Amino acid sequence: QVQLVESGGGLVQAGGSLKLSCAASGSIFSISDMLWHRQAPGKQRELVASIASGGSANYADSVKGRFTISRDNARNTVYLQMSSLKPEDTAVYYCAADLKLRVVSPFYRFWGQGTQVTVSA
């Protein structure tokens, strides 16, 4: 069974840093894009950052220059280093990955369960 498990969330003061991790496990043939989304209370889920298998990354304008996405392909893990955190970064952060489970199957997007990040003023 394929799982994406996030870790690293918590409570931090404004201006502080946190690093999120998300490890994909199970019978996985290959991984394409890996992504971080977030959802604040009363708001829609939004894309925060994405990284392709080759390492090229994209960021939401709201986090550019503060967040860095990276991945370890050998460990099937994606990271999100968050710095200069603001109260408006408070949300549940979800990782996602586009996984191919067999050589002949297409890529499907799998999601983690989410981890809470709370930034106090």
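Select Ala 57 to begin the tour of this predicted model: Ala 57 is partly exposed, with a relative accessible area of 32%, and it is found in strand S6, which covers residues 57–59. If you display its surroundings and set aside residues up to four places away in sequence, Ala 57 touches Ser 50, Ile 51 and Ile 69. Add Ser 70 to the selection as well, since a C-alpha to C-alpha distance can be drawn here: Ala 57 and Ser 70 are 13 residues apart in sequence and 8.1 Å apart in space.

Next, go to the start of the chain and select Val 2, which is found in the segment before strand S1 (3–7). Val 2 is buried, with a relative accessible area of 18%, a value that falls under the 20% limit for that class. Leaving aside neighbours within four places in sequence, the residues in contact with Val 2 are Ser 25, Gly 26, Ser 27, Ile 28, Leu 99, Leu 101 and Phe 110. A distance drawn from Val 2 to Gly 16, again between C-alpha atoms, comes to 33 Å, although the two are 14 residues apart in sequence.

Now select the two cysteines, Cys 22 and Cys 95, which form a disulfide with their sulfur atoms 1.9 Å apart. Cys 22 lies in strand S3 (residues 18–25) and Cys 95 in strand S9, so the pair ties together parts that are 73 residues apart in sequence. Both cysteines are buried, and the count of disulfides comes to 1. A disulfide is a covalent bond between the sulfur atoms of two cysteines.

From here, turn to the interior and select Trp 36, Leu 80, Met 82 and Tyr 93, which touch the most other members of the largest nonpolar core, a set of 30 residues. The elements giving two or more residues to this core are S3, strand S4 (30–39), strand S5 (46–51), strand S7 (67–72), strand S8 (77–82), S9 and strand S11 (115–120). Colouring S9 is a useful next step, as the largest share of the core, 5 residues, comes from S9.

The charged pairs come next; a search of the whole structure finds 6 salt bridges, and three can be visited in turn. Side chains of opposite charge can pair when their charged atoms come close.

Select Glu 46 and Arg 38, whose side chains meet in a salt bridge at 2.6 Å, N to O; Glu 46 is partly exposed at 33% relative accessible area, whereas Arg 38 is buried at 6%. Then select Asp 89 and Arg 66, which form a salt bridge with their closest N and O atoms 2.7 Å apart. This pair links distant parts of the chain, with Asp 89 in the loop between S8 and S9 and Arg 66 in the loop between S6 and S7, 23 residues apart. Asp 89 counts as buried at 0% relative accessibility, and Arg 66 is buried too, with a relative accessible area of 12%.

For the third pair, select Asp 72 and Arg 75, whose side chains meet in a salt bridge at 3.2 Å, N to O. Asp 72 is partly exposed at 23% relative accessible area, while Arg 75 counts as exposed at 59%. Finally, show Arg 38, Glu 46, Arg 66 and Asp 89 together, because salt bridges that share partners join these four into one network.

The last stop is on the surface, where Phe 29, Val 103 and Val 104 form a nonpolar patch with about 350 Å² of accessible area together. Select Val 104, which is found in the loop between strand S9 (91–100) and strand S10 (108–111) and is exposed, with a relative accessible area of 75%.

Note on methods. Residues numbered from 1 in each chain as written. Predicted model: local features only at pLDDT ≥ 70, side-chain atom pairs only at ≥ 80, totals over all residues. Heavy atoms only, no water. Patch = residues over 30% accessible without salt bridge, like charges linked within 9 Å, V, L, I, M, F, W, Y side chains within 5 Å. Areas by Shrake-Rupley, 256 points an atom, 1.4 Å probe, with all protein chains shown as cover. Helix = DSSP H or I, 4+ residues; strand = E, 2+ residues; numbered from the N terminus. Buried < 20%, exposed > 50% of the residue type's maximum accessible area, 1.4 Å probe, protein only. Disulfide = S-S within 2.5 Å. Core = buried A, V, L, I, M, F, W, Y, C linked by side-chain atoms within 4.5 Å. Contact = heavy atoms within 4.5 Å.
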